[in-house]
Amino acid sequence: MTSTAEGRNKLGLVGTGMVGTSFAYAVMQRGIANELVLIDANRARAEAEVMDLNHGLPFVRPMRISVGDYADLAGAAVTVITAGAAQRPGETRLQLLERNAAIMREIIPAIVRHNPDGITLIATNPVDIMTYIALQESGLPPERVIGSGTILDTARFRYLLGEHYNVDPRSIHAYIVGEHGDSELAPVEPGEHRGCAALRLSLRRRSRVRSGGAAADL
Ligand SMILES: NC(=O)c1ccc[n+]([C@@H]2O[C@H](COP(=O)([O-])OP(=O)(O)OC[C@H]3O[C@@H](n4cnc5c(N)ncnc54)[C@H](O)[C@@H]3O)[C@@H](O)[C@H]2O)c1
């Protein structure tokens with residue numbers, strides 16, 4: 001992580017819901033920052049989360065965790081965005097997309113205004129579209145507006161393969177590629193890499209067992 005004169009190892013977080021708070025907790029546990037600023041449209045929620053996190057500080061490396069406004073993101077090396085609207089009953093994915101796009105158009109200019117030199121990492125779904133909107137809104141170079149992409153799907157894939165082969169998932173070098181969504185895929189090409197053919201056969205055998213003997217394509 002880069003350090004700046006204004007804030008050494010400072011991180012920002014916009015959105016203190018389930019995902020954002022898990023991120024904040026992981027940052028605190030791993031001791032990778034000495035300052036973390038939390039922002040949420042629901043300030044009372046952010047304040048409550050900050051209180052809980054701060055109460056855990058006696059057990060981790062020292063750091064400062066606070067509720068902030070966008071101006072407090074100045075000097076943050078990375079700002080993570082997990083702010084998003086929850087899907088309403090009967091709401092289509094497209095309608096949700098429009099609401100989250102509006103949130104992104106509100107958040108990104110505020111971040112860039114106060115922290116033009118930092119990196120922005122987007123997790124809000126649909127993450128690839130949100131990242132593209134953030135890139136356009138920010139006017140920043142692409143290497144400073146990053147989406148979480150398929151990292152979660154890749155982690156799930158590695159875990160499942162590890163479970164299937166009884167191998168530590170940290171030793172599995174498989175990826176899910178494409179969008180983080182319905183069209184993503186696992187590139188398993190027999191003949192291209194050693195072990196892929198065996199993997200494909202083994203997975204097909206497993207899916208056949210699961211589908212009661214009928215041949216199932218992967
Ligand atoms: N990329 C991934 O792999 C991945 C994985 C899981 C979830 N997600 C996505 O992350 C997002 C957050 O999920 P969650 O479960 O934490 O949701 P959540 O509802 O628990 O939290 C969302 C938070 O965003 C806040 N918020 C809404 N509008 C805001 C605004 N304009 N400014 C600041 N804060 C605002 C809300 O007050 C809330 O606290 C969702 O879009 C979800 O789909 C992505």
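Strand β1 (residues 10-14) and strand β4 pair in the parallel sense over four bridges, where strands are DSSP runs of E of at least two residues, helices are DSSP runs of H or I of at least four residues, both are numbered from the N terminus, and two strands count as paired if DSSP finds at least two bridges between them. The structure is a predicted model, in which local features need pLDDT of at least 70 and side-chain atom pairs count only at pLDDT 80 or more, while totals for chains, interfaces and linings use all residues. Residues are numbered from 1 along each chain as its sequence is written.

Within the pairing of β1 with β4, L11 stands opposite V78, and G12 stands opposite T79. On its other side, β4 is joined by four bridges to β5, which runs parallel to it, and here I81 stands opposite I122 of β5. The chain crosses from β4 through α3 to β5 in a right-handed β-α-β crossover, a term meaning that, with the strands pointing away from the viewer, the path from the first strand over the helix to the second runs clockwise. In a regular strand the side chains alternate between the two faces of the sheet. In β4 (residues 78-81), V78 and V80 point one way and T79 and I81 the other way, and all are buried, that is, 20 or more other C-beta atoms, placed from the backbone, lie within 10 Å of their own, whereas 12 or fewer would make a residue exposed and a number in between partly exposed.

The open sheet as a whole consists of six strands in the order β3-β2-β1-β4-β5-β6, with parallel pairing. Because β3 (64-67) and β6 (145-147) stand at the edges with a single partner strand each, one side of each is left without a neighbour in the sheet. Neighbouring strands are turned by 20° against each other on average, direction ignored. Helix α2 (residues 43-55) packs on this sheet and touches β2 (35-39) and β3, its direction making about 165° with that of β3; axes are lines fitted to C-alpha atoms, for helices over the stretch in contact, and angles run from 0 to 180 degrees between N-to-C directions. Residues are in contact if their C-beta atoms, placed from the backbone, lie within 7 Å.

Overall, the chain has six helices and six strands, which follow the pattern β-α-β-α-β-β-α-β-α-β-α-α along the sequence. Of the 218 residues in the chain, 29% are buried.

Around the ligand there are 26 residues, of which G17, V19, A83, G84 and N125 come nearest, a residue being near if its C-beta atom, placed from the backbone, lies within 6 Å. Helices α1 (18-30) and α3 (93-114) each supply at least two residues of this shell. By class, the shell has 12 nonpolar, 11 polar and three charged residues, where Ala, Val, Leu, Ile, Met, Phe, Trp, Tyr, Cys and Pro count as nonpolar, Asp, Glu, Lys and Arg as charged, and the others, Gly among them, as polar.

The peptide bond from N125 to P126 is cis, with omega near -5°, and P126 is placed in the loop between β5 (119-122) and α4 (127-138). In the loop between α5 (151-165) and α6 (196-210) lies N166, a residue other than glycine with a positive phi near 55°. N166 is exposed, with 6 other C-beta atoms within 10 Å.

Notes: Contact = placed C-beta atoms within 7 Å.
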